[in-house]
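Me: I would like a close look at one part of this model, the third helix, and I would also like to see the rest of the chain around it. Please walk me through it as you would at the bench, with the cut-offs given along the way.

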Amino acid sequence: MSENGNKLNEEQQEQLLFMMLVQQHQQIAMMGLGKIQHPETGQTEKDLSSAKYAIDTLGMLKKFTEGNLSKESANYLDQALTNLRLNYAEEKKKENNTPSGEAPEKEDE
């Protein structure tokens, strides 16, 4: 039984858990991209290597679950990966356009 009192069958529970796993890696990647604040520190910091690791992990998950996911779960994973990859490419481009020795400009939030 879920927290809100609705009964979920086993397949629905597994789908929910899968989506939560994807969401966790999405949040890790978005923190690494400097797009969201770290929940413990409240700070926004960029760490593109940790973002790439989370994105690559989701890519591996997609590869290893190919043909074994519901349509909804597969679409959710695809959308997450597309969004994260586009954001990563954008941040990598910004990093590459920053002259050596200069800190990248902070964006207003």
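Reply: Here is a walk along that helix, with its surroundings first and its charged side chains after that.

This is a predicted model, with residues numbered from 1 along each chain as its sequence is written. Local features need pLDDT of at least 70 and side-chain atom pairs count only at pLDDT 80 or more, while totals for chains, interfaces and linings use all residues, and side-chain values use heavy atoms, with hydrogens and water left out.

Let's start with the overall layout. The protein chain has 3 helices and 0 strands, and its elements run α-α-α from the N terminus on. Helices (H or I, at least four residues) and strands (E, at least two) are DSSP runs, numbered from the N terminus. Of the 109 residues in the protein chain, 24% are buried. Here buried means under 20% relative accessible area, exposed means over 50%, and partly exposed is in between (1.4 Å probe, protein chains only).

Your helix is H3, residues 71-97. One place to begin is Ala80, which lies in helix H3 and is buried, with a relative accessible area of 4%. Its C-alpha atom is 9.4 Å from that of His25, although Ala80 and His25 are 55 residues apart along the chain.

H3 also has a part in the largest nonpolar core. A nonpolar core is a set of buried Ala, Val, Leu, Ile, Met, Phe, Trp, Tyr and Cys residues joined through side-chain atoms within 4.5 Å. This core has 16 residues, and the members that touch the most others are Val22, Leu33, Ile55, Leu58, Leu77 and Leu84. At least two residues of this core come from each of H1, H2 (48-65) and H3, and H2 gives the largest share, 6 residues. As general background, nonpolar side chains in soluble globular proteins tend to be buried together.

Leu33 leads us back to the charged side chains of H3. The C-alpha atoms of Leu33 and Glu91 are separated by 6.8 Å, with their positions 58 residues apart along the chain. Glu91 sits in helix H3, and because its relative accessible area is 2%, Glu91 counts as buried.

Where does Glu91 find a salt-bridge partner? Its side chain meets that of Lys94 in a salt bridge of 3.3 Å, N to O. A salt bridge is a side-chain nitrogen of Lys or Arg within 4 Å of a carboxyl oxygen of Asp or Glu, and the structure holds 8 of them. In general, side chains of opposite charge can pair when their charged atoms come close. Glu91 and Lys94 are 3 residues apart in helix H3, about one turn of the helix.

Lys94 also meets the side chain of Glu90 in a salt bridge, at 3.7 Å, N to O. Why can Glu90 and Lys94 be about one helical turn apart? They are separated by about one helical turn because they are 4 residues apart in helix H3. Glu90 is partly exposed at 37% relative accessibility, and Lys94 is partly exposed at 28%.

A further pair in H3 is Glu95 and Lys92, whose side chains meet in a salt bridge of 3.1 Å, N to O. Glu95 and Lys92 are 3 residues apart in helix H3, about one turn of the helix. Glu95 is partly exposed, with a relative accessible area of 40%, and Lys92 is partly exposed at 30% relative accessibility. Salt bridges that share partners join Glu90, Glu91 and Lys94 with Lys35 and Lys46 into one network.

Charge also gathers elsewhere on the surface. Glu10, Glu11, Glu14 and Glu72 form a patch of negative charge, and the largest share of it, 3 residues, comes from helix H1 (residues 10-32). Patches are made of residues with over 30% relative accessible area and no salt bridge, with like charges joined within 9 Å and nonpolar side chains (Val, Leu, Ile, Met, Phe, Trp, Tyr) within 5 Å. Lys and Arg count as positive and Asp and Glu as negative, while His and the chain ends are not counted. Glu14, found in helix H1, is partly exposed with a relative accessible area of 47%.

Notes. Areas by Shrake-Rupley, 256 points an atom, 1.4 Å probe, with all protein chains shown as cover. Charge placed at Lys NZ, Arg CZ, Asp CG, Glu CD.
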